[in-house]
Amino acid sequence: MHPMLINAVKAARKAGAIINRAAQDVSTIKVMNKTYNDFVSEVDHASEQAIIETLKEAYPNHSFLGEESGQELNNSEYLWIIDPLDGTTNFLHGFPQYAISIALLHNGQLNQAVVYDPTNNLLFTASKGRGAFLNDRRIRVSQRAKLQMSLIGTGFPFRDFQHLDTYMAMLKDFIPKTSGIRRPGAAALDLAFVAAGWTDGFWEINLSPWDIAAGALLIQEAGGIVGDFEGNESWIHSGNIVAGNPKIFAQMLQVLQPHLTENLKTAAAVKRF
Ligand code: IPD
Ligand code: CA
Ligand code: CA
């Protein structure tokens, strides 16, 4: 395993232990409301602190972008992007579908990725050019060729409703054109499922870099494709993301195309870090 991935895994496992301990009694966890329907708990903060501490011990001069602590930009070629608990709403309800997501960018390019589901001890990892793994086994995207036969993951807008009508129109279009749609509730894991071939594709509007950076590298290293709704590279900034095995990715883009509003198109030009 690449040394930087080893350290990322160490950080993710520490965070996983914190989350698993807290999951034993979610009723006592302190929860704050960031904005409408956007909850953050003491567990999110403790997890992020453990991850950043572990990584800083190994790499004191790297830059960091954490969901809860924000940006700490040093003059480094390396940027760690961290979601300490992806799927907080699930976690707070005891719904066992949440994960830790850690990605490393080198000169702006995805380089290392960890998505860890601590409930089921599923450790998804990838290093640029070296493939994607679940625990110690190589994973690959599915080979399904027809959208009609596919199982597709997604996420609903639930905090910011500016794209709700557009999203509902997309969903309405996808439902009869697929075998089924799933909304598990943790984007990093949703992407890991595409990498593992458990779903054939995924799309969501307006995600954040920490939700998708690690999952995207998993998919690319598993032989899949990640893009924005026009098939371009802006997804990490716009958060408008579609992913899948190469054949399903192309068919998903066709379904999404008629729903591209000006708002979605201009989001492609925004830089988030
Ligand atoms: C959320 C989850 C969810 C997605 C949201 C994300 P959080 O992350 O990934 O699946 O639909 O948009 O913000 O807030 O639980 O880390
Ligand atoms: Ca998240
Ligand atoms: Ca989070």
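**Helix packing, cavities and pockets**

Colleague: Asp 165 and Lys 172 are exposed on the other side of α4, where exposed means over 50% relative accessible area, buried under 20% and partly exposed in between, for a 1.4 Å probe and protein chains only; what arc around the axis do the buried residues of α4 cover?

Modeller: This is a predicted model, in which local features need pLDDT of at least 70 and side-chain atom pairs count only at pLDDT 80 or more, while totals for chains, interfaces and linings use all residues. Residues are numbered from 1 along each chain as its sequence is written, chains are lettered from A and ligands numbered from 1 in the order in which they are written, and side-chain values use heavy atoms, with hydrogens and water left out. In helix α4 (residues 164-174), the buried residues are Thr 166, Tyr 167, Met 170, Leu 171, Asp 173 and Phe 174, with helices (H or I, at least four residues) and strands (E, at least two) taken as DSSP runs numbered from the N terminus. They lie on the same side of α4 because their arc, that of the directions from the helix axis to the C-beta atoms, is only 160°.

Colleague: Against which elements do the buried residues of α4 pack?

Modeller: Packing rests here on contact, meaning heavy atoms within 4.5 Å. By that criterion the buried residues of α4 pack against β11 (151-154), β12 (180-182), β13 (201-204), α8 (246-256) and α9.

Colleague: How far apart are the C-alpha atoms of Ile 51 and Pro 84?

Modeller: Ile 51 lies in helix α2 (residues 42-58) and, at 0% relative accessibility, counts as buried. Leaving aside residues up to four places away in sequence, Ile 51 touches Ala 11, Ala 15, Ile 82, Pro 84, Ile 100 and Ile 102. Ile 51 and Pro 84 are 33 residues apart along the chain, and their C-alpha atoms are separated by 7.5 Å.

Colleague: Which helix gives the most to the lining of the largest cavity?

Modeller: On a 1 Å grid over the protein atoms alone, a cavity is a set of points where a 1.4 Å probe fits but cannot get out, a pocket is an open set with protein on both sides within 12 Å along at least five of seven lines, and lining residues have an atom within 4 Å of a point. The structure holds 2 cavities of 30 Å³ or more, and the largest has about 60 Å³ of space, where grid points are joined across faces, edges and corners and a volume is the space filled by probe spheres set on the points. Its lining includes Asp 228, Phe 229, Leu 264 and Lys 265. With 3 residues, the most is given by helix α9 (residues 262-267).

Colleague: Which residues lie closest to the centre of the largest pocket?

Modeller: The largest pocket holds about 690 Å³ of space. Of the 32 residues that line the largest pocket, the closest to its centre are Phe 158, Arg 159, Glu 204, Leu 207 and Asp 211.

Colleague: Between which domains does the second largest pocket lie?

Modeller: The second largest pocket has about 250 Å³ of space, and its lining includes Leu 105, Lys 128, Trp 235 and Phe 273. The largest share of that lining, 3 residues, comes from α7. Because both domains, whose bounds come from an automatic or database domain assignment, give residues to the lining, the second largest pocket lies between domain 1 (3-139) and domain 2 (147-267).
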